[in-house]
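Here are a few exercises to work through with the model open beside you. Try each task before reading the solution under it.

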Amino acid sequence: MSSSTFTTTTINDLPDVITSIIIAAVSSPRSRNSAALVCHKWYILERSTRSSLTLRGNLRDLFKLPTCFSSISHLDLSLLSPWGHPLTSTTDPPLTAHLLRHAFPSLTSLTIYARNAETFQLLFPQWHNIKHLKLVRWHQRPQIAAPGEELQILFSECGGLNSLDLSSFYCWTDDVPPALQAYPLLASNFTCLNLLNPSFSEGFKSDEIKVITKSCPNLREFRAACMFDPRYIGFVGDEGLVSVSVNCPKLVILHLADTSALSNCRGDPDDESYTQEDAGINVATLIEVFSGLPLLEDLALDICNNVRESGPALEVLNSKCPKLRSLKLGQFHGISMPIESKLDGVALCQGLESLLIRNVGDLTDMGLIAIARGCCRLAKFEVHGCKKITIKGMRTLASLLKRTLVDVKISCCKNLGAVSSLRALEPVQDRIKRLHIDCVWDTDDEVDDGDGFGGDFDLNSLDQGELDNKAAYFTSSLSDYDEMSNPSKKCRYSYDLNSCYMGLDDNGNGYENGNVFGQRTWEKLQYLSLWIAVGHLLTPLTDAGLEDCPSLEEIKIKVEGDCRELPKPTEREFGLSILVNYPQLSKMILDCSDTIGYAHTAPSGQMDLSFWERFYLFGIGHLNLKELDYWPPQDRDINQRSLSLPAAGLLQECIGVRKLFIHGTAHEHFMKFLLRIPELREVQLREDYYPAPENDMSTEMRAGSCSRFETALNRLHIYHNPTH
């Protein structure tokens, strides 16, 4: 018998065309970099199929500019080093622009840090096919001749532009309308315009919104920061809002927000969510706007003044905008006011997959449950500043949306602290992937001492008829949900109105005790966001209910408050060491930018910011982080956010960190501490806050300081670690 010959087929036997299609489908930059290291053939295919690239090198190192990415269509130059310095500051700006065009000949999308108008004149003649442009500038607007002149220079160089993003570009609101009017043909071709910029002091007024929308009739995406406060002359009211739908009927995405809503401040949970002044927008106007935008898929109206009795308008929204999938409402009242088991308001928007509500003063547990009954496809739900909702309404919502809900944010709700929020989400804790809670450490006694299921009635005070009505409402809500989500399956539900908790087990059966959920882990939780007041500790986090998160990869911690009058903390550390309980945690965002204190010598009896940095960073070296974004605390009186000596010393203990981004300034000799991190590959100082300092102090990191530090960093020996 002749021996059979066997051949082994590997992935390298695939035709190059198929291999390139496979590699092109990989979106993660790190995965693509790994693929490029397999062999020379894969290296060539990966480089030739990459379509997006962010450059972070130093402007002086033009000889290191990559020339193998011939298919790049989107290029981000906003993070070049030294950060915030214009391209015109190089030794030979025309040569820089020419080399960039030669390296990336196929650009159609560009993100650039534009410190001045000379950048436009330098770069944009190199690429005539730019369609999408994002401008970034955190420094002060330069003094130019007239409003709009800077953007007019831009438009004169980019005749084919159809998408413009100014959401991170420091300018004035009166710069935009004149520029659009000066180039009507270009403006009429715009399909995307993003003006949702937190740097605007007052936002666009009604007349400016009219000019912008009239100049850009073909917009499909429009985002803008507006002035909705009726106390200001020219505020956006009925007439301005209607002009958006009349002038831009093709809109698919519409985001309008008051400038005060764009700040990151948490607010006061004891606030009643009602402002003294009502917005100049009535229900009839909202109905007219919704009727004029039939293609709408994503809507955000974040208004910081009362919009009362908005329920009827939201019912029209469901019928007039059938494609709507994402909705954000701020300061809208009456969005869900069910009578018995009848749905109304936003609860009738059954196609919604994402719902964000902020400062709804009259939203109760009943309204919350009605939303869950009607919007049974919700995958993302955020609630902020709703004083009347409680753990029981939130828990019922989680039970009703158990099959779909994966992204939840609960913030600034008086009755929902950390413990109560986590208990409310127990029905979805095995499915949820992204979570935000406030670290307000309520106790078990506080959680259990609720005033009744809806937060607005006492079960013990109800007569039998009222109790039967409540029971019928919740029974019908669960039955309706099951029929909508799976008509072929009938589940058994039971609920005791005098019980604190309610949920569904894995078989779809109801039960009355929350302990079953308490024994589960947060299996799929990948991202966790936390808010915590200055001076408070993070250590109770695991005891609150987050002790087991095996898949948690990224955490964001925002610390907010004024520490100038706080006493010295009794504990030595904030509590970052508690995060060692999360074995997969590799990325952290520690944001202390809204922590206010004294940058220099503090008054007698007070502590300066260096002490507070030591307090918040102590123990960070115990974590196995790979990437860290850190915002130092600030002294608002002198507009300074600077890394202190104790902070630099503690950061050097993060021996596994590969990427470190400090959003502030630092002394050069402090930065040298970071060179002791053996795995460090990338470090950058970014003053990305309004307004970024125009001129750094002589002792701070300047262009020469950055260059010296980067040279020292590049000289470090790269150790091979097989786990990376």
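**Exercise 1. Two helices side by side**

Work out how helix α11 (residues 283-291) and helix α12 (residues 311-320) are oriented to each other, and say which residues make the contact.

Solution. Keep in mind that this is a predicted model. Start with the axes: those of α11 and α12 come within 9 Å and cross at roughly 10°. Angles under 35 degrees count as roughly parallel, so α11 and α12 are roughly parallel to each other. Next, pick out the residues. On the α11 side you should find Val-283, Leu-286, Ile-287, Phe-290 and Ser-291, and on the α12 side Pro-312, Ala-313, Val-316, Leu-317 and Lys-320. Finally, sort them by class: the contact of α11 with α12 has eight nonpolar residues, one polar and one charged.

**Exercise 2. Finding the core**

Find the residues with the most contacts inside the largest nonpolar core, and list what Ile-557 touches beyond its sequence neighbours.

Solution. First, the extent: the largest nonpolar core has 177 residues. Phe-104, Phe-222, Ile-557 and Leu-579 have the most contacts inside it. Helix α20 (residues 609-617) supplies the largest share of this core, six residues. Now zoom in on Ile-557 and skip its neighbours within four places in sequence. What's left in contact with Ile-557 is Leu-530, Ile-532, Leu-538, Phe-574, Leu-576, Leu-579, Ile-589, Leu-590 and Asp-591. Don't miss the other core of six residues that lies apart from the largest one; Leu-79, Tyr-113, Val-136 and Trp-138 are among its members.

**Exercise 3. A strand and its surroundings**

Decide whether the two faces of strand β8 (residues 253-258) are buried or exposed, then find the partner of Ala-224 in β8.

Solution. Begin with a general point: in a regular strand the side chains alternate between the two faces of the sheet. One side of β8 carries Ile-253, His-255 and Ala-257, the other Leu-254, Leu-256 and Asp-258, and all are buried. With six of its six residues buried, β8 is therefore largely enclosed by the rest of the structure. For the pairing, look at strand β7 (residues 221-226), which runs parallel to β8 over six bridges. Ala-224 has Leu-256 as its bridge partner in β8.

**Exercise 4. Backbone oddities**

Which residues other than glycine, Glu-309 or Asn-359, have a positive phi, and where do they sit? Then check the peptide bond from Ser-81 to Pro-82.

Solution. As a baseline, most residues other than glycine have a negative phi, and most peptide bonds are trans. Glu-309 has phi near 50° and belongs to the loop between β9 (298-307) and α12. Asn-359 comes in at about 55°, in the loop between β11 (354-358) and α13 (365-374). Both phi values are positive. Now compare their surroundings: Glu-309 is exposed at a relative accessible area of 64%, whereas Asn-359 counts as buried at 15%. As for the peptide bond, Ser-81 to Pro-82 is cis, with omega near -5°. Pro-82 is in the loop between β2 (74-76) and α4 (93-103).

**Exercise 5. Far in sequence**

How far apart in space are Asp-271 and Gly-385, C-alpha to C-alpha?

Solution. Locate Asp-271 in the loop between β8 and α11; at 41% relative accessibility, Asp-271 is partly exposed. Then go to Gly-385, 114 residues away in sequence, and you get 7.9 Å. For context, 78% of the chain's contacts between residues at least 6 apart in sequence join residues at least 24 apart.

Methods: Residues numbered from 1 in each chain as written. Predicted model: local features only at pLDDT ≥ 70, side-chain atom pairs only at ≥ 80, totals over all residues. Heavy atoms only, no water. Axes fitted to C-alpha atoms, helices over the stretch in contact; angles between N-to-C directions. Helix = DSSP H or I, 4+ residues; strand = E, 2+ residues; numbered from the N terminus. Parallel < 35°, antiparallel > 145°, perpendicular 65-115°, else oblique. Contact = heavy atoms within 4.5 Å. Nonpolar A, V, L, I, M, F, W, Y, C, P; charged D, E, K, R; others polar. Core = buried A, V, L, I, M, F, W, Y, C linked by side-chain atoms within 4.5 Å. Buried < 20%, exposed > 50% of the residue type's maximum accessible area, 1.4 Å probe, protein only. Pairing = 2+ DSSP bridges.
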